[in-house]
Amino acid sequence: MKNSYDVIVVGAGHAGCESAAAAANMGSKVLLITMNMQTIAQMSCNPAMGGIAKGQIVREIDALGGYSGIVSDSSAIQFRMLNLSKGPAMWSPRCQSDRMRFAEQWRLMLENTPNVDFWQDMVSEIIVENDKAVGVKTSLGIEFHSKAVVLTNGTFLNGVIHIGEKQLGGGRSGEKASKGITEQLISLGFDSGRMKTGTPPRIDGRSLDYSFMEEQAGDEHPGKFSFTDTKPLTKQLSCWITYTNDEVHDILKTGFDQSPMYQGRIQGLGPRYCPSIEDKITRFAERNRHQLFIEPEGWNTVEIYLNGFSTSLPMEVQQKALEKIPGFKNAKMFRPGYAIEYDYFPPTQLDLTLQTNKIENLYFAGQINGTTGYEEAACQGFMAGINSHLKINSLPPFILSRSDAYIGVLIDDLVTKGTDEPYRMFTSRAEYRILLRQDNADIRLTQKGFDLGLISNERYTAFQEKLANITTIVKAIKETSVSPEEMNTNLESVGSAPIVQKVKAASVLSRPNVSLKEFANADVYASINVFSIEEQEQAEIDIKYSSYIQKEQDAAIKQSQTENIKIRSDIDFKNIVSLSSEAKDKFSKIKPQTIGQAARISGISPADISVLMIHLGR
Amino acid sequence: MESYKSIFNEIIIAPATASGVGAIAVIRISGQGCFEIANNFFEGKNGKKNLLNKKTHTISFGTLKHENKIIDEVLISKFISPHSYTGEDTLEISCHGSLYIQSKIVQLFCANGCRLANPGEFTLRAFLNGKLDLSQAEAVADVIAAESESAHNLAFSQLRGGFAAELKTLRNELINFASLIELELDFAEEDVSFAKRDDLTALVNKLLKLVIALKNSFSLGNTIKNGIAVAIAGRPNVGKSTLLNSLLKEERAIVSEIAGTTRDSIEDVLNIKGYIFRFIDTAGIRETNDTIEKIGISKTFEKIKEAKVVLYICSALEIEDLNFNEIFSGNEFIGKKIIVIVNKIDLVSELKPLENRFKEMDIESLFISAKSGENLHLIEEKLLNLTVNRSIENNDLIVSNSRHYEALIHAEIALEKTLVGIESNITGDFLAQDIRTALYHIGQITGQIEIDRDILGTIFSKFCIGK
């Protein structure tokens, strides 16, 4: 058996899979170790990818050359672009996935990636020499050696599943937990904590009466995630919406005395934005109903996912309460909802490449860092895979800034501020939201992906052609004038004032309510319409929202000036006498890598930053 | 070196002279572009705006004017980069020492492209631009840490009380507003109801009112703007008005510049070496059955309550009739600095017994003649002493007040843009840009820099979010 690799990835969820693919595609020999080869890229929560802010992340991964977008497109059963009534920065792609196809697609893509080997086993220990990770030991007693190790353990580290008063050790329903790694890391000096999350029951779709529910269909013209040539859906499955009621709530309340949450058996912190149904009826007692989504799990399966009904109440209570939901009178449960508690390691112990500060060449990605969500996990794994490869080849690290990508916001937030509840991405976390759009993810990132070697020449050529076309369209709109005859009928139809003389097309396009469509009768449109919809849309956004975009670009440039001042890694903050004691402590712990990052640490004053800059010399 | 330089494209301003009283103050401005800004407001004695073509290390005499009103006569020293303290283009404006004038000048520049310097920032720039030796690094760092400490203490002491509460309310309201907007953006898929545009408009209007009210209260700092209130009290005919007139007579020309800025008439304001005192003349206090006079006397008590200092005037001829302990035990005198002014000393033959008497009573007293002007300067010195020793009236006050003012102006602009945005029906993601700008600036005062966590926290606590 070959047991020497460049990079070992522990765990084959969203983070692990992206990690293995990225490192391998860059040229590293990768071993992907999972406790169960049958559950590679398992969607352990709801069968969907994307959503607001999360969809942007999938687009970013795709633009950089990751797999999540392609896998999502080829396993989707429904696609919707959310938030279309808002500005383009808010448009967010989301798909419902066929859970089994999603996992299968991931496995096939990994199997077809040269340089990825697989091994089914539980990693019980990381081999550390001179504060450097050099391999792993498994429960079968095998030692694998490597130059770097990426840990993506998800919820498996000392995972405990709670259903009512029952407690089971496990990382996912029906799967055992992983033991040993937490204890070893603690003995190496890492801090750890507990978090909790939960899932709803899974139901037999054949037992539901959909006539009591509202249908939620996919988009009429479904889009897709990947910038590659994946195909949009031609047929789609619908989701269904129904609501709880007082009767449901009353039944749920009868189980509160056996609730692991309310009886204090669960210590870990759960996410406030993903509350269990028992939390919802307690915290928002004034609401007499809560929305539920019935999400099909795939093209062929009858299993459905009851989104919005996450619970850890006793099974019998779950069943009884379900039956009072409209359409659920005869509901048959496949498996009950549960809460799961697991270990995580506060991410302030990492640097911006996701390498741990304590152990060189050891990387953490995904829920081990206190995040939640497939997309959040996938992008961390992707970045850890890239950076582990770069590190062991002595190449400069790959760090995305807060104005480059949501991925940059996420990692900077984690590493700089930490998190005390499962971290999910929201658009409001990004200060350069108008720049970080799903439509321009390739424009922001594909050049970087190409430079890393993750984008094929063919794709890169097409990308450059797209850029050139957008420039051509923008130029045409900015430089060509349109006349009242060409424009006024269409302007009137959207309630916009007519023009009285020839004006530049760009000035009309900048008006509220006016889109490129209103130029259909203008000569300039003929020269634009030869280009793709995406290219037209890109040019339109560039012009229409230029003042907002410009404002954020200016702010980003200003910010990048402090981001570009690097802090030497050997600096001893405790020896800088003029620093406030809070700054000494926080800098020593978080080890900021740039002045910009240091300034974002909570409790750090401008004076501390000035003092630090003086100590960096000039 | 190069990388630092680019950070300093902002023009910074701050008073450079030490706190306290001085006939002249120096305000320093550093950064590329400061000459152009100053040139907009400076007019040389020959009536020309010619600051730009002056050589380095030259001094120009003229006036600073804003909207055709003269702020002050000044001397402007010009230093062209790299031959300045910071190594950047620098101006030093020598103006009169009045806090009012200094504030006016600082605020004028802040409203026109400068920002207030952070503690130690001139020195930091000097160091990073290579004007100070590396061996001085430690000392420079200490200066910054110390200045920041004292600025922090001052800001903190200022923020206690009313301002703090109002700012907190303002920030909370802004966060609330932002969370309503963000709710629509990040949680469009959730089963929650979103704010109506009319409600949002009403909320922004309310916030604007709050910001404007706060801005006005900060605009020069009430104390600087209105002067320190000094009540002149005493029984009728002890010479209160004569005293006031004597005190004011030489100063009218100077105080006339701030006509209309005080609530009371201009004659009541006195500028002593840059500090402004607002004298409140009161009706004589005595027992009376006359209804109208009673109203006057009760007003007097109200006015005394407003004042920080009470000059209690009595006549050297009727000291025997007064029981000071009883007089000063009244509610209106609580917490006031009281100075007894014994007037009409020109009418007594010997001062010594009087002085001894007050010493025995342990009452601060000054002996003067309002009519002859004898010892009047003692009153001015006393007031000045009190003020300086209280140490709230110094340059830091200008800075912290101007900082608040600057932040509130930016917040106001951002909110007005928000309002326009709502009216023109732009979507929340664009509205949010302006709201966040407002929040950023308020956070500069309150030190609450993180916005997203507060917004999300508000959303999670108010709305049932999550599938």
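Which residue in E19(A) does Val160(A) stand opposite? Keep that question in mind as you open the viewer; this is a predicted model, and the tour starts with a sheet.

**Stop 1: a sheet in chain A**

Select residues 160-163 of chain A, which are strand E10, together with residues 338-344, which are strand E19. The two run antiparallel and are paired over three bridges. Now pick out Val160(A): opposite this residue, in E19(A), is Glu341(A).

Next, widen the selection to the whole sheet. Four strands of chain A make up this open, antiparallel sheet, and their order is E11-E10-E19-E12. At the edges you will find E11 (166-169) and E12 (193-199) of chain A; each has a single partner strand, so one side of each is left without a neighbour in the sheet. Turn the view a little and look at the twist: on average, neighbouring strands here are turned by 25° against each other, direction ignored.

**Stop 2: a helix with two sides**

Select residues 246-253 of chain A, helix H6. Colour Val248(A), His249(A), Ile251(A) and Leu252(A), the buried residues of this helix. Look down the axis of H6(A): these buried residues fall within an arc of 165°, so they line one face of the helix. On the other side, Asp246(A), Glu247(A) and Asp250(A) are exposed. To see what the buried residues of H6(A) pack against, add helix H7 (277-283) and helix H8 (315-323) of chain A.

**Stop 3: the cores**

In soluble globular proteins, nonpolar side chains tend to be buried together. Here the largest nonpolar core holds 155 residues. Among those with the most contacts inside this core are Ile8(A), Val149(A), Tyr406(A) and Leu174(B). Helix H6(B) gives the largest share, ten residues.

Ala20(A) is another of the residues with the most contacts in the core. Select Ala20(A) and look beyond its neighbours within four places in sequence: Ala20(A) is in contact with Val9(A), Val30(A), Leu32(A), Leu110(A), Val116(A) and Gly385(A). There is also a second, separate core of 57 residues, including Ala598(A), Ile13(B), Leu116(B) and Leu124(B).

**Stop 4: where the chains meet**

Finally, show both chains. Here 45 residues of chain A are in contact with 43 residues of chain B. On the chain B side, helices supplying at least two residues each include H1 (2-7), H6 (162-186) and H16 (428-446). Which helix gives the most to this side of chain B? Select H5(B), which gives seven residues. By type, the residues on this side of chain B are 22 nonpolar, twelve polar and nine charged.

Terms used. Residues numbered from 1 in each chain as written. Chains lettered and ligands numbered in written order. Predicted model: local features only at pLDDT ≥ 70, side-chain atom pairs only at ≥ 80, totals over all residues. Contact = placed C-beta atoms within 7 Å. Nonpolar A, V, L, I, M, F, W, Y, C, P; charged D, E, K, R; others polar. Core = buried A, V, L, I, M, F, W, Y, C linked by C-beta atoms within 7 Å. Buried ≥ 20, exposed ≤ 12 C-beta atoms within 10 Å, placed from the backbone. Arc of directions from axis to C-beta. Pairing = 2+ DSSP bridges. Axes fitted to C-alpha atoms, helices over the stretch in contact; angles between N-to-C directions.
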